Amino acid sequence: MLDLNTLDLPTLFLELAHDGQIRRLFELALHEDLGQQGIDGDVTAKAFVPASARGVADVVFRQSGTLAGLAAAPIILDVFKADIDMHTLVADGMPVAPGVAVARLSGSLRHSLAVERTILNTTGR
C-alpha cells in the first residue's frame, strides 16, 4: 500500500486526482459560481470587460506561507473551458513571501475573472 505521507505535493496531488473526484469538485464549483452558462455566466465580467479583451494576470501571495494547490489550476482551467494559458512560477510546497507572483495567466480577461475565485480558493487557506 502506498504511504501518501512520503509523497511530495505534486505527486500526492496526482495520486489523489487520478479517480476524477477532484475534477468533480471543480465541476461543482463552476456550477455554483457561474451557473448553467459556465464560463460565460460571469455577469460582472460581461458587464465590464469586452469579450475580445485579452491580457496577463499574476496570482500573487498577500501573506507569507507555503504554496499548495496550484497543481490543481490546470484542471480548473480545463473544467471551466477557460481560454487561458498558465505559467507556474513557484512549485507547490515552496515557501512564498508576500508580493510574490506564483503563477501568470494569459488570455481572455473575462475568463481570467471567471476562474479567479476558484483558483484563489484552491491555493488559499
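## Two helices at a slant

Helices H2 and H5 sit oblique to each other, because angles that fall outside the parallel, antiparallel and perpendicular ranges count as oblique. What are the numbers behind that? The axes of H2 (residues 21-34) and H5 cross at roughly 130 degrees and come within 10 Å. Keep in mind that this is a predicted model.

There's a handedness to it too: H2 passes H5 in a right-handed crossing. On the H2 side, the contact is made by Phe26, Ala29, Asp33 and Leu34, while H5 brings in Ala114, Arg117, Thr118 and Thr122. Sort the residues of this contact by character and you get four nonpolar, two polar and two charged.

## A three-stranded sheet

Now for the strands. In which order do the three strands of the open sheet come? The order is S1-S5-S3, and the pairing is antiparallel. Strand S1 (54-60) and strand S3 (84-88) are the edge strands, each pairing on one side only. On average, neighbouring strands in this sheet are turned by 20 degrees against each other, ignoring direction.

Let's zoom in on one pair. How many bridges join S1 to S5? Seven bridges link S1 with strand S5 (residues 101-108), and the two run antiparallel. If you want one to look up in the structure, try valine 59: its bridge partner in S5 is alanine 103.

## Where helix and sheet meet

H5 shows up again here, since this helix (residues 109-123) lies across S1, S3 and S5. Compared with S5, helix H5 runs at about 145 degrees. So H5 has a place in both parts of the picture: H5 lies across the strands and also makes contact with H2.

Conventions
Residues numbered from 1 in each chain as written. Predicted model: local features only at pLDDT ≥ 70, side-chain atom pairs only at ≥ 80, totals over all residues. Heavy atoms only, no water. Pairing = 2+ DSSP bridges. Helix = DSSP H or I, 4+ residues; strand = E, 2+ residues; numbered from the N terminus. Axes fitted to C-alpha atoms, helices over the stretch in contact; angles between N-to-C directions. Contact = heavy atoms within 4.5 Å. Parallel < 35°, antiparallel > 145°, perpendicular 65-115°, else oblique. Left-handed = near helix turned anticlockwise from the far one by under 90°. Nonpolar A, V, L, I, M, F, W, Y, C, P; charged D, E, K, R; others polar.
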